[in-house]
Amino acid sequence: MEKFENVSGVAAPMPLINIDTDMIIPKQFLKTIKRSGLGVNLFDEMRYDDKGNEISDFVLNQTAYRDAEIIVAGDNFGCGSSREHAPWALKDFGIKVIISTSFADIFYNNSFKNGILPVVLPKEAVDVLMEDAQKGSNARITVDLENQTVSATDGTEFKFEVDPFKKECLMDGLDDIGLTMQKVKAIDTFETEYGKNMPWV
Amino acid sequence: MSAPKTIYDKIWDAHVAHEADDGTCLLYIDRHLVHEVTSPQAFEGLRMSGRTVRAPEKTIAVPDHNVPTTLDRAKGIDNEESRIQVEALDKNAKEFGVHYYPVSDVRQGIVHIVGPEQGWTLPGMTVVCGDSHTATHGAFGALAHGIGTSEVEHVLATQTLIQKKSKNMKVEITGSLRPGVTAKDITMSVIGHTGTAGGTGYVIEYCGQAIEELSMEGRMTVCNMAIEGGARAGLIAPDQKTFDYVKGRPHAPKGADWDAALAYWKTLFTDEDAHFDLVVTLKGEDIAPSVTWGTSPEDVLPIDAVVPNPTDFEGGKVDAVTRSLEYMGLEAGQKLTDVEIDTVFIGSCTNGRIEDLRAAAAVLKGKKIKDGMRAMVVPGSGLVRAQAEEEGLAEIFKDAGFEWRMAGCSMCLAMNPDQLAPGERCAATSNRNFEGRQGRGGRTHLLSPAMAAAAAVTGKLTDIRSFS
Ligand code: SF4
């Protein structure tokens, strides 16, 4: 995985609550056996009409937000299915950070595995950033993972929490499986003992 | 004496293979279920890094999302991408040596129905699958939840998952359900009560008299939708019903193993005074036959209610409701029982088991669906289908005018050709009413199998209590 670099850029405002994984990447695009190339279909049914033409008032179709690297979203972003195609599509489009008051559990985990940082902030902070995001290219939001801060255009800084292990993996671009493989002895020992106690498993 | 524990605590503690100083654990996984949509990239990842599947004997694969459910499906899959995805699973299952139920196997079906049916899912286990409705298996007193594709690869390679422990939440349903009220109504009412984010960060234990009184099928329906309430998992303490259901299944323990397993399973209950971080209590008698009106599973109301007004809500929900009423083509104040439907879908991992088909058939016996109605039953597995045929349910469905399909996910998420056209309105026994879930522009109302059957007859959302 690539290392996560700090981001300073335009944020797309998506105040709708409960943005679900079917909106992020509808099922017709889950048929791929690859991880890449899903960016063009990100938010497909909100972004294009029946004929495949762009819907001009959808946020990512507006000039200011075409290269957005951040999304500021309403509550409970990413609810629904476990499809990792959702972060794959976001990543492929160029999104590096999503800011919301809350995220659905599986989506939250999946984001980290793909180099995307989901930032949870209190409602007041998200409101300020949402307002910023609405200013298009006149505003820039800065996200600093090392110091765990998000800064609004006027410099107001919001501190966020992130699990230290997840942070380390993101900052160093670490591969989970490789890390776990280093603990293979512990797994072997556990498995042997467990197999003795619960032979039916 | 150690501190009192919840079932979740007990299962968790029994599976920690490694714990780092910061509390990050490697949780050992007993059963890994795999389907064709979320696994190709994981197997490809193994191949690229020269890794193998650590425990193929604990890994079970079955194609379900993309498979056609028409009777002639042996001729193959028309859609090229779907076909490639199913073929990739065929190939991966063979190459990595995992248990496999191909489309041609009568035991094939929705992964969450096949697992319990074959006795793969047992009390006290950790069960994962690259699918959010893995929560279903919690009905057996197992810790079961969905994972993403990177985690699928991680479990394939290491048989563990990197996890931090969730908090404990108790959802208690006291008393008994009233006639016409089902497990589906319980689970939808709970989400209506807590919201789709109410369970975020928690593992839910469902308990109380109404839960104890449910069959195993009903308990699976309840746990299935724990994810719609945002929880990582939902589970129910195993009891005699659980043991009876498991006993004799192809992969259930036998002989001395059975006795040892049973003795252990009987320790899987929440100790008195165990700590819950959150408790929600609903009265069984207060739960009504329910239906969703919007595009989020929390948009649920008793069937005798009216469509709400956006101004009844606060904050971000006002805009969300405005948007969803427009999408659903509904007016505030409209009676739910006046909403006309044109499609009925009975099936999915929520309500595609034999008991669900029995409930729907009981409503349909001797009746016909409304003229012009498109109605289909998609059994959750080939074995459910065979049993329904044996019991004469298939005939009842066919006589009523339903299509009698082969097993798969079908119109639950419409990855195969079973889809709604824009503007079509469906009464569905599945679990998600998101925009476009059953087809672009399609409108979904979630409800129980009996209510879906009644709606097929009347052509409207119907109160099962006044249906005859
Ligand atoms: S039936 Fe629906 S919810 Fe269940 S596994 Fe299939 S697609 Fe997912």
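**Exercise 1. In this predicted model, determine which residues are around the ligand and how they divide by class.**

Solution. Begin by collecting every residue with a heavy atom within 4 Å of the ligand. This gives His65(B), Ile110(B), His112(B), Asp131(B), His133(B), Ser348(B), Cys349(B), Cys409(B), Cys412(B), Leu413(B), Asn431(B) and Arg437(B). Next, sort this shell by class, with Cys counted as nonpolar; the outcome is five nonpolar, five polar and two charged residues.

**Exercise 2. Find which cavity the ligand takes up, and describe the lining of the largest cavity.**

Solution. First, search the whole structure for cavities of 30 Å³ or more, which yields five. The largest cavity holds about 240 Å³ of space, and the space taken by the ligand is this largest cavity. Then turn to the lining, which consists of 24 residues, with His65(B), Asp131(B), His133(B), Leu413(B) and Arg437(B) lying nearest the centre of the cavity. In chain B, helix 4 (111-117) and helix 12 (348-351) are the elements that give two or more residues to this lining. Finally, divide the lining by class, which gives eight nonpolar, 11 polar and five charged residues.

**Exercise 3. Assess how the radius of gyration of chain B agrees with that of a compact globule.**

Solution. Start from the chain length of 468 residues, for which a compact globule would have a radius of gyration near 23 Å; chain B has 21 Å, and therefore agrees with the rule. Add the overall extent, in which the C-alpha atoms of chain B fill a box of roughly 55 × 55 × 45 Å along the principal axes. Chain B has 16 helices and 19 strands, and buried residues make up 65% of its 468 residues.

Terms used. Residues are numbered from 1 along each chain as its sequence is written. Chains are lettered from A and ligands numbered from 1 in the order in which they are written. This is a predicted model: local features need pLDDT of at least 70, side-chain atom pairs count only at pLDDT 80 or more; totals for chains, interfaces and linings use all residues. Side-chain values use heavy atoms; hydrogens and water are left out. On a 1 Å grid over the protein atoms alone, a cavity is a set of points where a 1.4 Å probe fits but cannot get out, and a pocket is an open set with protein on both sides within 12 Å along at least five of seven lines; lining residues have an atom within 4 Å of a point. A molecule sits in a cavity or pocket if more than half of its atoms lie within 2 Å of its grid points. Grid points are joined across faces, edges and corners, and a volume is the space filled by probe spheres set on the points. Helices (H or I, at least four residues) and strands (E, at least two) are DSSP runs, numbered from the N terminus. The radius of gyration is taken over C-alpha atoms; the globule rule is 2.2 Å times the number of residues to the power 0.38. Buried means under 20% relative accessible area, exposed over 50%, partly exposed in between (1.4 Å probe, protein chains only).
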